[in-house]
Amino acid sequence: MTQKGPPVCNLISVQIQLLRDGLRCWLREYWGANSIMKSKEHTRQVRNMVLEKFKAGLGYKKISQALNISRSTVQSIIRKWKEYGTTVNLPRQGRPPKLTGRTRRSLIREAAKRPMVTLDEMQRATAQVGETVHRTTISRALHKCGLYGRVARRKPLLKENHKKSRLQFARSHVEDTANMWKKVLWSDETKIELFGHNAKRYAWRRNNTAHHSENTIPTVKYGGGSIMLWGCFSSAGTGKLVKVDGKMDGAKYRAILEENLLESAKDLRLGRRFTFQQDNDPKHKARATMEWFKKKNIHVLEWPSQSPDLNPIENLWQDLKTAVHKRSPSNLTELELFCKEEWARISVTRCAKLVETY
C-alpha cells in the first residue's frame, strides 16, 4: 500500500488540542468544586462579630484566631463591608449547580471509560449518592467537557489476529510500485435489491403532506427481490459482470472463474503474469478452487481476513447501485440489464484513480 500516514506535525497538533481540551475540562471541574465549597457560608451573626472586632482595631490574624475561621474568610467579609457597606449576602448571578464537583467528575470518568453508558444509568448512579438530577443536567455537564452523544458507527469485528494480519499486509506491500497494482484484477460479489437502495432524497412539500404519495419513496418488504452479481476490474477498466443463479458454492464459483476470469484479464490487457484478488470466503479458499488457480498458473494475492474496506471494488459497487436505482427498474430482468449497462459505463478514469490511490 502506497498511501502514507498523516504528517507528524498534524499528529502533534491533534495531541496539543486534546491536552488543551482536557485542561479546560479540569479547570471547569476545579472551579466548580471550589464554588460548591464556598457555598457553605458563615451565619450572619459570625460575620457581624468579624466586623465588630475589626472596628475595635483587631487585625485579620487576631480575628481569625479568635473566631476560629480562616484569614481569607475574614478578609473577604471585611472587603465586602468596605465595598457595599453590608454583611448581608448579595444577589447571585444564577442558581447554584445541583451536581457537586465530585459527582460531576465521576460522571465524566464513567462516560470516558464506558462510552456506551446511557443517561438513565448515570442518573441512577447519581441518585445512589443522594443527588437526584434530571437527565438533561447530566447531559449538559458532559457537554461542557466536550462529550456528546452520537450514533455509534458500525465496523467489522476485528480481533487481535485480524489487526496483526492487516498490519502485516500493509508492511509487505508498502514498497510496491504503482505498476504492480496496475497488474491486479480485483473481484468480489454483491447483492443488489430491486427496491433496496436507501439513498436520502429530498422533496419540496407543504406542511402536513409528508405522507402524500408524491412525497414518499415506495418500499416493499424484503426489497422486492434481489440478484447476486460477481464482477472484476483493474486500473484499465471494468471486466465481466455476471449474475449468479441460485446459491453460490465452490463449484459454481469455479465455473464463473473458468468462463470470465481469463477473458476479463485478456480484455483488460493485463498480460499473462497478472495477480488475481479475492477475499477469504470459504468457497474462494476451497482446496479445489486453489488447485484450479495453480493449474491455470494464476497468482492469487494473499488477503487478510475481515478486510472488505481494503478492496477498491467496494467503491464501484456503490457507484453501480446508485446509478442503477436512479433508473428505477421495475423487475429483476430490468435490474440485471441496468446493472450490466451501468457497469460498462464506469469510466476507465474512475477505475484508474481507485487503483492509483490504493
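**Helix faces, rings and a loop residue**

Modeller: On the other side of helix H8 (residues 160-173) from its buried residues, Glu-160, Lys-164 and Arg-171 are exposed. This is a predicted model, in which local features need pLDDT of at least 70, side-chain atom pairs count only at pLDDT 80 or more, and totals for chains, interfaces and linings use all residues. Residues are numbered from 1 along each chain as its sequence is written, and side-chain values use heavy atoms, leaving out hydrogens and water.

Colleague: Within what arc do the buried residues of H8 fall?

Modeller: Buried means under 20% relative accessible area, exposed over 50% and partly exposed in between, with a 1.4 Å probe and protein chains only. By this rule, the buried residues of H8 are His-162, Phe-169 and His-173. They line one face of the helix, because, seen down its axis (taking directions from the axis to the C-beta atoms), they fall within an arc of 25°.

Colleague: Which helix is included in what covers the buried residues of H8?

Modeller: Contact means heavy atoms within 4.5 Å. Helices are DSSP runs of H or I with at least four residues, strands are runs of E with at least two, and both are numbered from the N terminus. The cover over the buried residues of H8 includes helix H9 (178-182).

Colleague: How far apart are the end C-alpha atoms of H12?

Modeller: The expected span of a helix is 1.5 Å times one less than its number of residues. For the 14 residues of H12, this gives 20 Å. The model agrees, as the end C-alpha atoms of H12 are apart by 20 Å.

Colleague: What arc do the buried residues of H12 cover around the axis?

Modeller: The buried residues of H12 are Ile-313, Leu-316, Trp-317, Leu-320, Val-324 and His-325. They lie on the same side of H12, because around the axis they cover an arc of only 150°.

Colleague: Which residue takes a positive phi just after H12?

Modeller: Most residues other than glycine have a negative phi. In the loop between helix H12 (313-326) and helix H13 (332-345) lies a serine that is exposed, with a relative accessible area of 53%. Its phi is positive, about 50°, and the residue is Ser-328.

Colleague: What is the angle between the planes of Trp-181 and Trp-186?

Modeller: Rings of Phe, Tyr and Trp (its six-membered ring) pair if their centres lie within 6.5 Å; planes under 30 degrees apart count as stacked, over 60 as edge-to-face and the rest as tilted. The structure holds 10 aromatic pairs. Trp-181 and Trp-186 form one that is stacked, with 5.9 Å from centre to centre and an angle between the planes of 15°.

Colleague: Which residues do ring pairs link into a cluster?

Modeller: Both Trp-181 and Trp-186 are buried, and each belongs to the cluster. The buried face of H8 also takes part, since Phe-169 is buried there. In full, ring pairs link Phe-169, Trp-181, Trp-186, Trp-303 and Tyr-358.

Colleague: How far from the centre of the ring of Phe-338 is the charged end of Arg-327?

Modeller: A charge sits over a ring if NZ of Lys or CZ of Arg is within 6 Å of the ring centre and within 35 degrees of the ring normal. The charged end of Arg-327 sits over the ring of Phe-338, and its distance from the centre is 3.9 Å.

Colleague: What percentage of the residues of the protein chain count as buried?

Modeller: The secondary structure of the protein chain comes to 14 helices and five strands. Of its 358 residues, the share that counts as buried is 31%.
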